[in-house]
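User: I have a protein in front of me and would like the reasoning behind the terms used for it. Please set each value against its criterion.

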Amino acid sequence: MVNKNLKETVKNAKYFLLDMDGTLYIGDKLIGDMDKTLATLRQCGKKIIYLTNNSSKSKQRYEEKLQKIGLFDPRDTVYTSGIATAEYLNSSFKGKSVYLMGTDALKKEFEEIGVNLVEDKTPDVCVLAYDTELTYDKLCRFVTYLKRGAYYIATHPDVNCPHPEVFIPDAGAFIKLIEASTGMLPAEIIGKPFDGMGKNLMRALGLGKDKFIMVGDRLHTDIAFGNNCGFASVLVLSGESDLDDIGKIEGKPDFVLNSLNDIIDYL
Ligand SMILES: [Mg+2]
């Protein structure tokens, strides 16, 4: 694979957007000396943002997990599709009322960011998140509010969430459930592979596309996201994809590395 421009791309970039599972670790096991690799990136003045579509857990829970396995540094940031959705609501639906089908942890984050959450009155916007505390009452409220005309946003499209024994239903499966009942689909989806998280980051940091590099192990989410945002994309072969997958599915990476540890050669 030709990586001749990677050195220049890395030199010019400021932010490394990192997928986590399959890119930094698998389960709880680091991929090679990933702790040292991230430390070297920081020493070279690069900023690290961990990106996840999982909107069921809080930023703090992810920080604790990353800390436990020796990766997190206070200079780093965790960015979830849930937080990205709350920020998007604040910038594009300022002051509008929102019904959130999500966990208590996500509700707390929405409130901290300043989203006007409501429960018992018809909202302007309905947000579907990965609600691991989903109840029938929440589902009924959600479809009722949609049918009354609320604008429909989903945090991310993943149908399943990896789990030790079998894959378990994620937000994308809830989207299908709502569609089966109402015939309605989200007007917008924020998480990867869509560009919402990237647009938020560029706006918040006041930086152009060339200052970001997206690194991940999935072509159809991580790499497609990088491409949709116009960021340089690096596929790592430490997780789900191998070289044969490139070209078969959506998402052609700009660069390919065996693992993120190989980035050291380009710093
Ligand atoms: Mg991954």
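The exchange below takes up overall form, cores and a few single residues.

User: What kind of model is this, and what secondary structure does it contain?
Analyst: The model is predicted. Its secondary structure comes to nine helices and 15 strands.

User: Why is the protein called as compact as a globular protein of its length?
Analyst: The globule rule gives 18 Å for 267 residues, and the radius of gyration here is 19 Å, close to that value, so the protein is as compact as a globular protein of that length. Along the principal axes, the C-alpha trace spans about 55 × 35 × 35 Å.

User: How much of the protein is buried, and what does its accessible surface come to?
Analyst: Buried residues make up 53% of the 267. The accessible surface is about 12,400 Å², with 50% of it belonging to carbon and sulfur atoms.

User: What share of the contacts is between residues 24 or more positions apart?
Analyst: Taking contacts with a separation of 6 or more, 68% are between residues 24 or more positions apart.

User: How many charged side chains of each sign are there, and how far apart are the centres of the two sets?
Analyst: There are 33 positive and 38 negative side chains, and the two centres lie 5 Å apart.

User: Which residues of the largest nonpolar core touch the most other members?
Analyst: That core has 31 residues, and L24, L38, Y50, L71 and L260 touch the most other members. Elements giving two or more residues to this core include helix 1 (6-12), helix 2 (34-43), helix 3 (59-68) and strand 4 (47-52). A second, separate core has 29 residues, among them L17, I83, A86 and F225.

User: How do you know that L38 has contacts beyond its sequence neighbours?
Analyst: Contact requires heavy atoms within 4.5 Å. With residues up to four places away not counted, L38 still touches L18, L24, I48, Y50, L71 and L260.

User: Why is A171 called buried?
Analyst: The cut-off for buried is under 20% relative accessible area. A171 has 0%, so A171 is buried. This residue is in helix 7 (residues 171-182). Apart from neighbours within four places in sequence, A171 is in contact with L128, A129, Y130, H156 and D158. The C-alpha atoms of A171 and N53 are separated by 9.7 Å, although the two residues are 118 apart along the chain.

User: Does the same test settle S233, and what makes it buried or exposed?
Analyst: At 0% relative accessibility, S233 falls under the 20% cut-off and therefore counts as buried. S233 is in strand 14. Its contacts, leaving aside neighbours within four places, include M214, I223, N227 and F255.

User: What makes helix 9 mostly covered?
Analyst: Eight of the 11 residues in helix 9 (residues 219-229) are buried. Among them are L219, I223, F225 and C229. The buried residues of helix 9 pack against strand 1, strand 4, helix 8 (196-205), strand 13 and strand 14. Just after this helix, G230 takes a positive phi of about 80°.

User: Which residues does a cis peptide bond join, and what is omega there?
Analyst: The cis bond joins K192 and P193, with omega about 10°. P193 is in the loop between strand 12 (188-189) and helix 8.

Methods:
Residues are numbered from 1 along each chain as its sequence is written. This is a predicted model: local features need pLDDT of at least 70, side-chain atom pairs count only at pLDDT 80 or more; totals for chains, interfaces and linings use all residues. Side-chain values use heavy atoms; hydrogens and water are left out. Helices (H or I, at least four residues) and strands (E, at least two) are DSSP runs, numbered from the N terminus. The radius of gyration is taken over C-alpha atoms; the globule rule is 2.2 Å times the number of residues to the power 0.38. Buried means under 20% relative accessible area, exposed over 50%, partly exposed in between (1.4 Å probe, protein chains only). Accessible areas come from the Shrake-Rupley method with a 1.4 Å probe; for residues, only the protein chains shown count as cover. Lys and Arg count as positive and Asp and Glu as negative; His and the chain ends are not counted. The place of a charge is taken as NZ of Lys, CZ of Arg, CG of Asp or CD of Glu. A nonpolar core is a set of buried Ala, Val, Leu, Ile, Met, Phe, Trp, Tyr and Cys residues joined through side-chain atoms within 4.5 Å.
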